[in-house]
Amino acid sequence: MRGCSDGRWRLLFVGRMYTIKGGREFLDALPKVVAKLQRPVDITFAGDGAQKAEWEERAAALQRREPMINVEFTGWLQQEELQRLYSQTDLVVMPSLWPEPFGLVGSEAGLHGVPVAAFAVGGIPDWLQTGVNGHLASGSPPTVTGLADAIVDCLRDHETHARLREGARRAWSTRTFEQHVSSLLAVFEGVQRAA
């Protein structure tokens, strides 16, 4: 079993590191997460962007204050390295503050049986169902406390986590990129007809 077998939960952020991606909110949520779970967490930030240095400084300060939090920044990873990372992850966190049109990271997580915690913004609620393949935090407005609660709800206990992992696998086992494109085209055609 992945899920905290050594007493630590492993969380993952993948993507561009810009303000709208919510990395600061994710880092600020971690003390609340650790306090509620009473377990150490390892967080990996895979990606790069304009806020990376700021997030690294914030993470370093956080780790000095909170010994149960360990944060690593890997930069961009090759696809096989990223796949290995997904296979070792307990939860993907997508703290985007802007209305993500879809969120490709969520589908990649699901294909690996990894649940997701995210803000309910943009297209994310179209595929992330609270209690099925992860948990949504309110996106209006997105808050640190809301994100912390969504993360804790995913990792509350091994049974909950195992159920969400299975839900993530099931949710993505029948979806394909072609189905996603077909769904988008249907929406665009509907908008065009309405105009």
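**Sheet, helices and a pocket**

Six strands make up an open sheet with parallel pairing, running β3-β2-β1-β4-β5-β6; two strands count as paired if DSSP finds at least two bridges between them. β3 (69–75) and β6 (134–137) sit at the edges with a single partner strand each, so one side of each has no neighbour in the sheet. This is a predicted model, where local features need pLDDT of at least 70, side-chain atom pairs count only at pLDDT 80 or more, and totals for chains, interfaces and linings use all residues. Residues are numbered from 1 along each chain as its sequence is written, and side-chain values use heavy atoms, with hydrogens and water left out. Strands and helices are DSSP runs numbered from the N terminus (E, at least two residues; H or I, at least four).

Over at the β6 edge, β5 (116–119) pairs with β6 in the parallel sense over four bridges, and A118 has L136 as its bridge partner in β6. As for the helices, α1 packs on the sheet and touches β1, β2 (41–48), β3 and β4, contact meaning heavy atoms within 4.5 Å.

Helix α1 (23–37) also meets helix α2 (52–65): their axes come within 10 Å and cross at roughly 5°. Axes are lines fitted to C-alpha atoms, for helices over the stretch in contact, with angles from 0 to 180 degrees between N-to-C directions. α1 and α2 are therefore roughly parallel to each other (angles under 35 degrees count as such). Residues in this contact include L27 and L30 of α1 and W55 and L62 of α2.

Note on methods
Angles under 35 degrees count as roughly parallel, over 145 as roughly antiparallel, 65 to 115 as roughly perpendicular and the rest as oblique.
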